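Subject: Model handover, chains A and B

Hello,

Here is the model for your files. Please open it before you read on. My notes on how the chains meet follow below.

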Protein chains: 2
Amino acid sequence: MEINTTIQSIEKLVQEAQSAFPVLKNKNIKERAALMHLIADEIEALGEELTKTTSEETNLPLARLQGEQARTVFQWRSYADGLAAGTALPVRIDTAAPDRNPPKPDLRKSYVPLGIVVVFGASNFPYAYSTAGGDTASAIAAGCPVIVKAHPAHPRTSAIMGQAIARGIRKAGLPSGVFGQVFSDGFEAGNFLVSHPLVKAVGFTGSLTGGKALFDLAARRQEPIPVFAEMGSVNPVFLLPGKLKSSGEELAGQYIASLTLGVGQFCTNPGVLMVPENEYLPDFIGALREALQKIAPVPMLHQGIANNYQKNKQRIIGQVGVELIASVAPGEKIQGNPALVKVKAQNFLSNDVLAEEVFGPFGILVTYSDQQELLAVARKFNGQLTASLLVNDEELGQYGELVDILTTKCGRILHNGFPTGVEVAYAMQHGGPFPASTDSRFSAVGPDAIQRFARPISYQNWSDEWLPDELKNSNPLDIWRTINTEYTKEPI
Amino acid sequence: MEINTTIQSIEKLVQEAQSAFPVLKNKNIKERAALMHLIADEIEALGEELTKTTSEETNLPLARLQGEQARTVFQWRSYADGLAAGTALPVRIDTAAPDRNPPKPDLRKSYVPLGIVVVFGASNFPYAYSTAGGDTASAIAAGCPVIVKAHPAHPRTSAIMGQAIARGIRKAGLPSGVFGQVFSDGFEAGNFLVSHPLVKAVGFTGSLTGGKALFDLAARRQEPIPVFAEMGSVNPVFLLPGKLKSSGEELAGQYIASLTLGVGQFCTNPGVLMVPENEYLPDFIGALREALQKIAPVPMLHQGIANNYQKNKQRIIGQVGVELIASVAPGEKIQGNPALVKVKAQNFLSNDVLAEEVFGPFGILVTYSDQQELLAVARKFNGQLTASLLVNDEELGQYGELVDILTTKCGRILHNGFPTGVEVAYAMQHGGPFPASTDSRFSAVGPDAIQRFARPISYQNWSDEWLPDELKNSNPLDIWRTINTEYTKEPI
């Protein structure tokens, strides 16, 4: 493992990836799915060496890492199955109408991979959103060779994962250029890759600053390329008065559990909680305080994240009208000691700093006096990955406008739940309006994530023999297809 | 009709569009489809006033305009039907698994419109890609209010079409802000709109220069927004030796017909024809010359296009190795007199100017000596809307690599056909890698074009009563949905 891959070595990886491209591109969806299952098997087979190494590198506990390993395996397998079923990249066929005037051609639409994809992994999910994470799985599913810029916070983990992927590729009999990995703790390697003419798309999970810089770089290229950056969010939670009254204590515990899960190091961490100013609020705050103070300070991923957490937290605490209502005493260094503050909606509305993400177990209670103030705060939010409503059935009818506003702000809207925990499923949308992500029309999680790295292509009047398998009359891959206006698995 | 809409009036249109947004957004897909059918009826009902006005403004003949009017009506109706069937914006439902550890939530993914869409119409399709064209139909289908920047080459046509759309909106009982139109012959109005914080997406059909300028402007915004620019192409046609031998004369006539259709003013005009250097070539060129010389010069759309045509044509003719093989004598001013030139592949490969689009009835024959040279030219092309192969069944097997290269270059690949004529269908992909378009993952034609202007949203654990109609258990809209892994119209 090189500590810093040289530019010369990176160029070699790009050339190898480009040589592998036509080979991978011409594997049909069943063959690519088989490759993905081989890679999944390799990741699953990684034993304690993996989780122990990662725990040393990230301070994440073994149980969490075992769970994340299983999730990562599930991502590869479920994306493979969605691909193989024809569901993830939906095929369209319009049959010819030669007697129409003018004659209607036979048109069949499938997909081609974009080309080499560069993936920037995240530090907070060393498996599920890193070297072998959803971006890599999606891109390979689409038929794109991948070059990962390994996250410098867990290089040994990245190397182990990269080797597992390479073994899967070898077992599938595919060229090693299908996957490459670059190690670097500076920006030069990433910038070189994103600027490279043979690179055709980028996946990124991380900060707004990092994601936006790559987006700008990619947009300024002679041939602009898409950047799918998932850049986090404050994930506002809206607690309505009836629900506070009926379930305040229970929700206090659930909120603190969600806020502090994984030391708050999730992009779906619920950083802002809207609460009504009424007679039930003091007890609710008491319950929050009690729940928070039971949370032991736990080490964060690395020193840089811990430093930023403390700095950003202090910055919020120093704003006008912000009152600290609960905190856990700091432990050893790099520990993420949770804290909770309170501020009135009027202060929140007039101070943009309060709506900025603090990455870590830090929550802001924003107290609202009436529905108008609640709506004003809802309107103020930028694009979000998620928004959550805590609400009684009886009162929801009065808050239609709130729901309506939130649907324009987020990619996922939760009813009586907290946003941590991102299910890997077809119906998941992980991504929201800017700045939550750079392209809200695609999800970073679930089989539909494959669509980011493929583009449609229409075959006009080709005979059956020369069509890709997924478009042939007999439907030899037994996939779902739209034929004229209907979905079917039937042959033509 | 204002000749130049003031910035103050444009701001008012934006505010009206924003007020209309929540109203349109909350109409379900069936209601939006009904609106689109009302608009289609209004466009269909426009009589000779429309076509005569347009013919005066564009020099296009009445028969062509009547055909384009019918096509435009079909676009509104077929996109409406695709929307109402649930096919154009495919819904995904994953049902809950409460017994799983951790419990799997109920997730249902539908779509929300992006917000106000600004559409820049094209001059060459005054109906189908202009005020009431595919971008406007797609955006309204998605639930987005639209503001059109009318093309200055046909302002009276744009006004008539805008009034028809407005009547449809009024008959549907929707606010007038659903559609607005701006008239301007400068850049200020368009730049103001694309920079406006309330505008969330842009559709454009026109030149590379114009499309790229809007793309850059949109990428530099504080909140970047997507620009779907369809910017044209040289649409290379590859004639293979066996086919030249068997069908040269017939193909010569068909090529000239496609090249000169509509005075060559189509984004799918086949500007480059690859031909083998062999004993059949002289007869083929003779047939091309004969066919071309039968084409009468016809006025182009406007003086600016005619001036550019003559200038760009002369520029190509002046390049090293370019030989004029046929041309039609110029007629009156602004006429697009067709011309055909020939150049060797080695010249084409070493001179980027020869691969630039000449908008009009101008073709370049590129002669290749062997398959290696043919492949080298294929590799040289930038992103294209289309690529076409003219080939015999017996020889296609030897040209697998050519097909493979072309699938990485274009959005539509034709077998034994010419690219003019863009079928409005699900399986149509109209859009290709940059610079053919700015986002190759979406089509500008067919019901799937609606996907450009909507983004997915997941509802997590919402009760049936509060879900949008398309996600309710009973499937009240009777649409196709993915439930877990299968497509079905069944209820849950």
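To compare copies, I superposed them by least squares on the C-alpha atoms of residues with pLDDT of at least 70 in both. Keep in mind that this is a predicted model.

Symmetry first. A turn of 180 degrees, with a shift of 0.0 Å along the axis, lays chain B on chain A at an RMSD of 0.0 Å. That is the relation of a two-fold axis. The same surface serves both copies, as 100% of the contact residues of chain B recur in chain A.

Next, the interface. Chain B gives 74 residues to the contact, and chain A gives 74 residues. Between them the chains bury about 6,300 Å², with 57% of it on carbon and sulfur atoms. On the chain B side, B:R441, B:W462 and B:Y487 lose the most area to chain A, together 13% of what that side buries.

Now the polar side. There are 10 salt bridges across the interface. One of them joins the side chains of A:R92 and B:D448, at 2.6 Å from N to O. Polar contacts link 48 residue pairs between the chains, both residues at pLDDT 80 or more. Strand β17 (residues 454–460) of chain B supplies the largest share of the side that touches chain A, with 7 residues. By class, that side of chain B has 35 nonpolar, 17 polar and 22 charged residues.

Last, the strands. Strand β17 (residues 454–460) of chain A pairs with strand β16 (residues 410–415) of chain B in the parallel sense, over 3 bridges. There, A:Y459 stands opposite B:I413.

Best wishes

Terms used: Residues numbered from 1 in each chain as written. Chains lettered and ligands numbered in written order. Heavy atoms only, no water. Contact = heavy atoms within 4.5 Å. Buried area = accessible area lost by both parts, 1.4 Å probe. Salt bridge = Lys/Arg side-chain N within 4 Å of Asp/Glu carboxyl O. Polar contact = N/O pair within 3.5 Å; in protein donor to acceptor, adjacent residues only side chain to side chain. Helix = DSSP H or I, 4+ residues; strand = E, 2+ residues; numbered from the N terminus. Nonpolar A, V, L, I, M, F, W, Y, C, P; charged D, E, K, R; others polar. Pairing = 2+ DSSP bridges.
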